[in-house]
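Work through the exercises below with the sequence and the 3D view open. Try each task before you read its solution.

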Amino acid sequence: MTALLLRDLKLSVRAGGGALIGVLFFITVVAVIPFGVGPDLNLLSRIGPAIVWIGALLSSLLGLDRMFQTDREDGSLDLLLMQEHPLVLTVLVKCLAHWIGNGLPLVIASPLLGLFMNMNEVAIGATMLTLLVGTPALTFIGAVGAAVAVALPRGGLLVSILVLPLAVPVLIFGVGASYAAVEDPAPFMPPFLILVAITMFFAVLGPLGAALALRNAND
Amino acid sequence: MRLIAENLSARRGEDLLFQGISFALEAGECLILTGRNGSGKSTLLRVIAGLLRQETGKVTWHSAKAESDMRAAEACHYLGHRNAMKAELTVAENLSFWKSLFGDFEGGRGMSVGEAAEAVGLGGIAHLPFGYLSAGQQRRMAFAKLLVSHRPVWILDEPTAALDVTAEEVFTTLIKAHLAEGGIVLAATHQPLGLEDARELKMVGFAGVMEEVW
Amino acid sequence: MSESLAITKFSDLANPTRFLALAARILPWMAAVTAILFAVGLYMSFSTEGDYQQGQTVKIMYIHVPAAWLSMMCYTVMALSAIGTLVWRHPLADVSHKAAAPLGAAFTLIALATGSLWGKPMWGTWWVWDARLTSVFILFLMYLGLIALNRAMDDPSRAARVSAILILVGFVNIPIMKFSVDWWNTLHQPASVIRMGGSTIDAEFLWPLLVMALAFTLLFFTLHVMAMRNEIWRRRVTAQRRMAARLAGRDNVR
């Protein structure tokens, strides 16, 4: 299993810079927002956490469809399915590798974008923390979409359509917790802990659903 | 050690490709599937490898130490049309990944990565990225994957397609060595593999549309 | 004893041919009862007086509330069929959830459209990011995603299995989504929207509403059985065509 994790990480670094493209997309999406809403710093700092979160959500959808598709195209998926390791575990490891390769760079890039959006230190820290906790949930739930669409030649767009409604709770609590850290009356911990709970729930549901889908989508 | 298939049938889409296929393979036996394209050879192999669900029947694996509910697929190596190797990684990285993921099945040990590359006749180039190799070399390296970890059953789908005569000979030698050690081989092929005492199963394909369902 | 009998009955029903025969027999009755219920329900709805606050617009409720209830029941029916697909691998379950998805989307659309029409006079705007409206809107998106997935796959049995998985994952997520949308909504606009709670509904409004809800439910089942019948016919035609193609190919070879 460690071997699988290492292989997927190597691939995400070497394979045409898939991780890098995600970060670039993230930066680009957030950078065009001020052109849309105007350069008003107060407004930007107010909507900043939300924009950074939406940008991260969209960028993490970007590479999802390749999660199982590359393995399917070269036949590796068949061999992974045949092994005695439980498939759920294999999927979980692939999710972790995918998150380290694609999700973690987004988290690391987020403070820079926070500065662009004129957010203060607390808001930047809170956004980064919620992204750190919340983006794995996006990967886990995205794994179901990726597994369902694995056999489709152009599944990328479909994966996004299927996954986005399911990702709404993550977005709500991620942004909610980020705002709660800045705005006084609302407490930070409850939404943050709910976000943690959602991530852990999806860490179970996502690999289960994805493993079931991979067994069934195979032909 | 025996691999037993009973009354297998499978469909592709709505077409029933074959039905009522049964066989039992003992240690050291080889079964060659022949038939024209689309006759269900690959489908049968994928059913045995547990990658496709059969409509009826079952595949079971029996040996002294095997647990009764073990999936037969766990005793198998599968070499499909695709090589299951990553073009971005070097051959050695690919092979050692599969070696550590597969592990060894009871009752045998796999070769080291270097030995396996040597055995398919490409000892010197294991440090190159897999994508740099020619199609024939890639196929040979995919075959080397079967050597790095021990599995009693080899399931080979067109192993020698796109290979020249010398490479075919290498494959035949390796398959014979595997059989001599008490392995089992199932292969689908167009070309004769040069195995003398192999059993042959001729697939005809298309046993009917699953009309009883609709 | 009785249980095994029930199961044989069920599996009899689950045979497509028997299902078609049964559907042919009961569909006219279902359609007739639906039509009568609609006639009664609509008459009752229009003969009641308008609400003293909302006037005649309250009558939108008689369409809106049953449609919203159906949009959720339809997803439940799909989730049950999805279990049928995955656990018993029954072809009728495949057909059932495939046929239900467009119906669910249609009812959800009706609920959203009537909600929007109702919102204009009540709230002064076509759309409010009210917790219920938002949840229903997300449900609508999920229906559309499922329809898109079903259309994108050409092998019907595989499409059925993977969409069944997606339906179940979505089903498990519905409570979370509902909860998060409620939380989000209270955070952003503290309960300013007037809501019609169940207890505040007057008996005068309740009866027509119940009749309409029953009518809508029957309408759903009538349409669902019809859609399933059509889907079975469609698959039979496909199977026949495939057979013809294969047999023709065989003649040419020999």
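## Exercise 1: Burial in chain C

C:Val77 counts as buried because 20 other C-beta atoms lie within 10 Å. Keep in mind throughout that this is a predicted model.

**Task.** Place C:Val77 in its element, and find how far its C-alpha atom is from that of C:Ser96.

**Solution.**
- Step 1. Locate the residue. C:Val77 belongs to helix H3 of chain C.
- Step 2. Apply the cut-off. A residue is buried if 20 or more other C-beta atoms lie within 10 Å of its own. C:Val77 has 20, so it is buried.
- Step 3. Take the distance. C:Ser96 is 19 residues away along the chain, and the two C-alpha atoms are 8.5 Å apart.

**Task.** Is C:Arg89 buried, exposed or partly exposed?

**Solution.**
- Step 1. Find the loop. C:Arg89 sits between helix H3 (61-88) and helix H4 (91-123) of chain C.
- Step 2. Count. There are 13 other C-beta atoms within 10 Å, so C:Arg89 is partly exposed.
- Step 3. Look for a partner distant in sequence. C:Arg161 is 72 residues apart from C:Arg89 along the chain, yet their C-alpha atoms are separated by 8.5 Å.

## Exercise 2: Chain C as a whole

**Task.** How many helices and strands does chain C have, and what share of its residues is buried?

**Solution.**
- Step 1. Count the elements. Chain C has seven helices and zero strands. Read from the N terminus, the order is α-α-α-α-α-α-α.
- Step 2. Check burial. Of 254 residues, 34% count as buried.
- Step 3. Check the contacts. Take those between residues at least 6 apart in sequence; 80% of them join residues at least 24 apart.

**Task.** Which elements of chain C supply two or more residues to the side that touches chain A?

**Solution.**
- Step 1. Size the contact. It pairs 23 residues of chain C with 21 residues of chain A.
- Step 2. Name the elements. They are helix H5 (131-152) and helix H6 (156-188) of chain C.
- Step 3. Find the main contributor. H6(C) gives the largest share, 15 residues.
- Step 4. Sort by class. This side of chain C has 17 nonpolar, four polar and two charged residues.

## Exercise 3: Helices of chain A

**Task.** Compare the span of H6(A) with its expected value, then find where the helix bends.

**Solution.**
- Step 1. Take the length. H6(A) covers residues 87-116, 30 residues in all.
- Step 2. Compare. Its first and last C-alpha atoms are 42 Å apart, close to the 44 Å expected at 1.5 Å a residue.
- Step 3. Find the bend. H6(A) bends by about 40 degrees at A:Trp99.
- Step 4. Follow the chain onward. A:Asn118 comes just after H6(A). It lies in the loop between H6 and helix H7 (121-148) of chain A. Its phi is near 60 degrees, positive in a residue other than glycine.
- Step 5. Judge burial. A:Asn118 is partly exposed because 17 other C-beta atoms lie within 10 Å.

**Task.** Which residues of H4(A) are buried?

**Solution.**
- Step 1. Scan residues 66-73. The buried ones are A:Arg66, A:Met67, A:Phe68, A:Gln69 and A:Asp71.
- Step 2. Look past the helix. A:Gly75 follows H4(A), with a positive phi near 90 degrees.

## Exercise 4: H2 of chain B

**Task.** What does H2(B) pack against, and what is the handedness of its crossing with H4(B)?

**Solution.**
- Step 1. Approach from the N-terminal side. B:Ala84 is in the loop between strand S5 (76-79) and H2 of chain B. It is not a glycine, yet its phi is positive, about 60 degrees.
- Step 2. Check the span. The 12 residues of H2(B) should span 16 Å, and the end C-alpha atoms are 16 Å apart, so the values agree.
- Step 3. List the buried residues. Among them are B:Val91, B:Leu95, B:Trp98 and B:Phe102.
- Step 4. Find the partners. The buried residues pack against helix H1 (2-14) of chain A, and against helix H3 (113-119) and H4 of chain B.
- Step 5. Describe the crossing. The axes of H2(B) and H4(B) come within 9 Å and cross at roughly 35 degrees. The crossing is right-handed.
- Step 6. Name the contact residues. H2(B) uses B:Val91, B:Leu95, B:Trp98 and B:Lys99; H4(B) uses B:Met141, B:Ala144, B:Lys145 and B:Val148. Six are nonpolar, none polar and two charged.
- Step 7. Leave the helix. Just after H2(B), B:Gly103 has a positive phi of about 70 degrees.

Notes
Residues numbered from 1 in each chain as written. Chains lettered and ligands numbered in written order. Predicted model: local features only at pLDDT ≥ 70, side-chain atom pairs only at ≥ 80, totals over all residues. Axes fitted to C-alpha atoms, helices over the stretch in contact; angles between N-to-C directions. Helix = DSSP H or I, 4+ residues; strand = E, 2+ residues; numbered from the N terminus. Left-handed = near helix turned anticlockwise from the far one by under 90°. Contact = placed C-beta atoms within 7 Å. Nonpolar A, V, L, I, M, F, W, Y, C, P; charged D, E, K, R; others polar. Buried ≥ 20, exposed ≤ 12 C-beta atoms within 10 Å, placed from the backbone. Expected span 1.5 Å × (residues − 1). Bend = angle between axes of the 7 residues up to and from the residue.
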